[in-house]
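This report looks at how a sheet is put together, how one of its strands is covered, and what lies at one place on the surface.

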Amino acid sequence: MPEITSVGGIGGGVMGSGIAQALAVGGCRVTGRDLNEQLIEKSRATIVDGRYGLNRGVERGKTTKQDADAALRRLSFTTNLADLKAVDLVIEAVPEDLELKRKVFAELDGAVGAEAIFASNTSGLAIADIYKAVSESRRHRFIGMHWFSPAPVMKLVELVHAPETAAETVEALEDLCQRAGKVPIRVKDAPGRY
């Protein structure tokens, strides 16, 4: 599987903006998608000036101004789902509601390229329950990618794989995590728990 270099993020709340920031710092082009411009501006403000934002990282000596500026240049925002059509990976970070997540992934399934990996940042829902919303041909590229909060700071990322998740999908996300300075661990999905 090719290296993941472009990521779409669905939802720009605390987790979504933190994940977008961490991956942009890690070298990916990231397009954050949210429902309206007000939510996008809030996400951008969190990434730039939030408690764990880029400017704070510069102030604390965790990064340089040049690296923070470079990460910002790799970030863009949109309200249009079609702008994610060519990304390598989509990470969903919407509220923890099974039907909402299914709705989001059903929309993505028709809008994003067939080779893209889909990942959910769920912390408690079974991946096998969420991926029922996408075509069977995509399920081997569907995985849980659970980040811990605050995402720009915490190192651990759980990669939750269902029985249908392909080994190359897990490996591609492990590589991405390592490039972003994160520590991925594999976790088996537990379908039917909820």
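## Terms and model

A residue counts as buried when its relative accessible area is under 20%, and as exposed when that value is over 50%, with partly exposed lying in between. The model is predicted, and the accessible areas below are to be read as computed from it.

## The sheet

Eight strands make up an open sheet of mixed pairing, arranged in the order β3-β2-β1-β4-β5-β6-β7-β8. Its edges are β3 (75–78) and β8 (183–188), each of which pairs on one side only, and from one strand to the next the twist averages 25°.

## Strand β5 and its neighbours

Strand β5 (residues 117–120) pairs with β4 (residues 89–92) in the parallel sense over four bridges; along this pairing Leu-89 stands opposite Ile-117, while Glu-92 has Ser-120 as its bridge partner. Between the two strands the chain passes through helix α5 (residues 98–111), giving a β-α-β crossover that is right-handed. Towards β6 the strands also run parallel, joined by three bridges, and here Ala-119 stands opposite Ile-143.

In a regular strand, side chains alternate between the two faces of the sheet. Both faces of β5 are covered, with Ile-117 and Ala-119 buried on one side and Phe-118 and Ser-120 buried on the other.

## A nonpolar surface patch

On the surface, Tyr-52, Val-153 and Met-154 form a nonpolar patch that together has about 240 Å² of accessible area. Val-153 sits in the loop between β6 (142–147) and β7 (156–161), and is partly exposed because its relative accessible area is 41%.

Note on methods
Residues numbered from 1 in each chain as written. Predicted model: local features only at pLDDT ≥ 70, side-chain atom pairs only at ≥ 80, totals over all residues. Heavy atoms only, no water. Patch = residues over 30% accessible without salt bridge, like charges linked within 9 Å, V, L, I, M, F, W, Y side chains within 5 Å. Areas by Shrake-Rupley, 256 points an atom, 1.4 Å probe, with all protein chains shown as cover. Salt bridge = Lys/Arg side-chain N within 4 Å of Asp/Glu carboxyl O. Buried < 20%, exposed > 50% of the residue type's maximum accessible area, 1.4 Å probe, protein only. Pairing = 2+ DSSP bridges. Axes fitted to C-alpha atoms, helices over the stretch in contact; angles between N-to-C directions. Right-handed = clockwise from strand over helix to strand, strands pointing away.
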